[in-house]
Amino acid sequence: MSIVKETADLLSKLGVDAAALSGGDLAVHSPVTGEQIAALKTISPADAGKAIDAAHEAFKAWRLVPGPKRGELMRLLGEELRAHKAELGRLVSIEVGKIPSEGLGEVQEMIDICDFAVGLSRQLYGLTIATERPGHRMMETWHPLGVVGVISAFNFPVAVWSWNAALALVCGDSVVWKPSEKTPLTALACEAIFARAVARFGKDAPANLLTVLVGDRAVGEVLVDHPKVALVSATGSTRMGREVGPRLARRFARAVLELGGNNAGIVCPSADLDMALRAIAFGAMGTAGQRCTTLRRLFVHDSVYDQLVPRLKKAYQSVSVGNPLESSALVGPLIDKAAFDNMQKALSDARAHGGKVTGGERFENGHNDAYYVHPALVEMPKQDGPVTEETFAPILYVMKYSDFDAVLDDHNAVGAGLSSSIFTRDLQESERFLSADGSDCGIANVNIGTSGAEIGGAFGGEKETGGGRESGSDAWKAYMRRATNTINYSRELPLAQGVSFDI
Ligand code: UN1
């Protein structure tokens, strides 16, 4: 079956109206073959503004539905996702080029966050706080926040939306979602799946609880600038975050920014090298190097360098690259030509800085407009040039180290601060890595790779990664507003700090 036909069939099974897929101005391509698979109509900035007004009306109704009841909608969404996991996972593979297990894994991540949100719906706790005044009680209460805008990237086109949407909805907010222009079809599929959950939920769910805005940058700007959007959660490059962050700050809106990563691993003398090899291979080559958590820098102790790096190179030379829909390849295509060009530019920069490159060439698969590459391993004399920047492609820079303190400094000497890992069986090294003067990242792991985080933890990073936290732990607090309440149940009016004001 042609990819165009399969896309249309999948979308119709998922409940997307076929008429929405053609005749529009936004051409959607599959990176698997480079073919155009749809042409969607985009929304104008003016209509986007109106849609946000409507989402605000939805918020005003939804905030009055009790939390545990809102959790029921997440339970239904999780059920719908379970029922449509195969189709949605396949659509992710078509639209992003992920291998089947990663396409399905992404949908599993959505199911997981729905389950988490159901539990959370009964745990949106505040505190009771000791007050200095007799006959008084002090507490804090968490209330729904408003319209939550979600700007998502192509590489996790549905999971990252679901992390935000599941928390926002359970917290009593409405959601307006601007998906990446590269991956709007999976967003339409989610919209249809969500509509089914809402229909089952019944009349307590207001219209416009979720709005998908298919559009360009101007539409994203409306979302960022609209006074009725209380929070924007944006995933993408640090360059994008530098524009979005200050614009939100100017109008005192909240931001959850999940930006670039330049994630590193350290392989210590005592590491289990078999395990490290597998973790490094998945972290660096998996998803064709297009995760924000992808392993991009590797520091290997000089005592194990010659044992590990030749094996790693072999893995790079033998890893299967190919069509994720028709083969069991482990590495699919890059998203587009621009990604390929950026990769080639980084590799030539690396060579200019003394790097020795294994791999990196284009792999012809009979489709001129599809960009398959052999993942590249680059042995670098030191951390320099392109090593300090994120290139969203499968390039792993490998460097030798001898001193643990110095390697910790090098580890932290880049702009981004998302994910990190250490491979060691030495307790002192692993604890130091996780300590206050260890890894400066939002995610720090021991004996597992940098990517593939579970939803139960807070996800995000420091420095140029933007500081936002999504998903598990107490990330929900960003999606609610906090009120401190002091209640006087006495017959006196004592003032705090002993102030007297007798009239
Ligand atoms: C991303 O690349 O934007 O930790 C998200 C991981 C996935 C999420 C990645 N759970 O690799």
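Helices (H or I, at least four residues) and strands (E, at least two) are DSSP runs, numbered from the N terminus. With that in hand, welcome to the close-up views of this predicted model.

**View 1. Phe252, a residue with an unusual backbone angle, sits in a loop.** The loop here runs between helix H9 (238-250) and S9. Phe252 has a phi near 60°, a positive value in a residue other than glycine. Most residues other than glycine have a negative phi. Is Phe252 buried or exposed? Phe252 counts as exposed because it has 7 C-beta neighbours inside 10 Å, and the cut-off for exposed is 12 or fewer.

**View 2. Lys463 also has a positive phi, this time in a strand.** The angle is about 55°, although Lys463 is not a glycine. The strand that holds Lys463 is S19, made of residues 462-463. Lys463 has 19 C-beta neighbours inside 10 Å, so it counts as partly exposed.

**View 3. Glu258 carries an active-site annotation.** UniProt, in an unreviewed entry, places the feature "active site" at Glu258. You can find Glu258 in strand S9, which covers residues 254-258. Why does Glu258 count as buried? The reason is its 30 C-beta neighbours inside 10 Å, given that 20 or more is the cut-off for buried. Beyond its neighbours within four places in sequence, Glu258 is in contact with Thr235, Cys292, Gly460, Thr465, Gly466, Gly468 and Glu470.

**View 4. A shell of residues surrounds the ligand.** Which residues surround the ligand? They are Glu109, Asn155, Phe156, Val160, Thr235, Arg291, Cys292, Thr293, Ser451, Gly452 and Ala453. By character, this shell divides into 4 nonpolar, 5 polar and 2 charged residues. Two names may look familiar from the previous view: Thr235 and Cys292 are among the contacts of Glu258, and both belong to the shell around the ligand.

**View 5. Strand S14 pairs with S11 and with S13.** Of the 7 residues of S14, 5 are buried, so the strand is largely enclosed by the rest of the structure. S11 pairs with S14 in the parallel sense, over 5 bridges. To follow this pairing, look for Phe299, which stands opposite Met399 in S14. Strand S13 (residues 376-379) is joined to S14 by 4 bridges, and these two strands run parallel as well. Here Val378 stands opposite Tyr397 in S14.

**View 6. Pro375 lies in a loop between two strands.** The strands on either side of the loop are S12 (356-358) and S13. Pro375 counts as buried because 25 C-beta neighbours lie inside 10 Å. Val319 is 56 residues away from Pro375 along the chain, and their C-alpha atoms are separated by 8.4 Å. Val319 is one of the residues that Pro375 touches; the others, not counting residues up to four places away in sequence, are Ala284, Met285, Gly289, Tyr316, Val331, Gly359 and Pro394.

**View 7. Helix H13 has a buried side and an exposed one.** In this helix, residues 404-412, the buried residues are Val407, Leu408 and His411. Seen down the axis of H13, they fall within an arc of 105°, so they line one face of the helix. An α-helix has 3.6 residues a turn, so residues three or four places apart point the same way. Asp405, Ala406 and Asp409 are exposed, on the face turned away from the buried side of H13. What do the buried residues of H13 pack against? Their partners are strands S10 (263-267), S11 (295-301), S14 (395-401) and S16 (419-423).

**View 8. Helix H14 also lines up its buried residues.** H14 spans residues 427-434, with Glu429, Ser430 and Phe433 buried. Down the axis of H14, the arc that holds these residues is 95°, so they line one face of the helix. The face turned away carries the exposed residues Leu427, Gln428 and Glu431. Helix H13 from the previous view is part of what covers the buried residues of H14, as are S16 and strand S17 (443-446).

**View 9. Glu191 belongs to helix H7.** This helix covers residues 184-201. Glu191 counts as partly exposed because it has 18 C-beta neighbours inside 10 Å. Leaving out residues up to four places away in sequence, Glu191 touches Leu210 and Val212. For a sense of scale, Glu191 and Asp302 are 51 Å apart in space, C-alpha to C-alpha, and 111 residues apart in sequence.

Methods
Residues are numbered from 1 along each chain as its sequence is written. This is a predicted model: local features need pLDDT of at least 70, side-chain atom pairs count only at pLDDT 80 or more; totals for chains, interfaces and linings use all residues. UniProt positions are given in the numbering used here, feature names are shortened, and annotations may be inferred rather than shown by experiment. Two residues are in contact if their C-beta atoms, placed from the backbone, lie within 7 Å. A residue is near a molecule or strand if its C-beta atom, placed from the backbone, lies within 6 Å of it. Ala, Val, Leu, Ile, Met, Phe, Trp, Tyr, Cys and Pro count as nonpolar, Asp, Glu, Lys and Arg as charged, and the others, Gly among them, as polar. The arc is that of the directions from the helix axis to the C-beta atoms. Two strands pair if DSSP finds at least two bridges between them.
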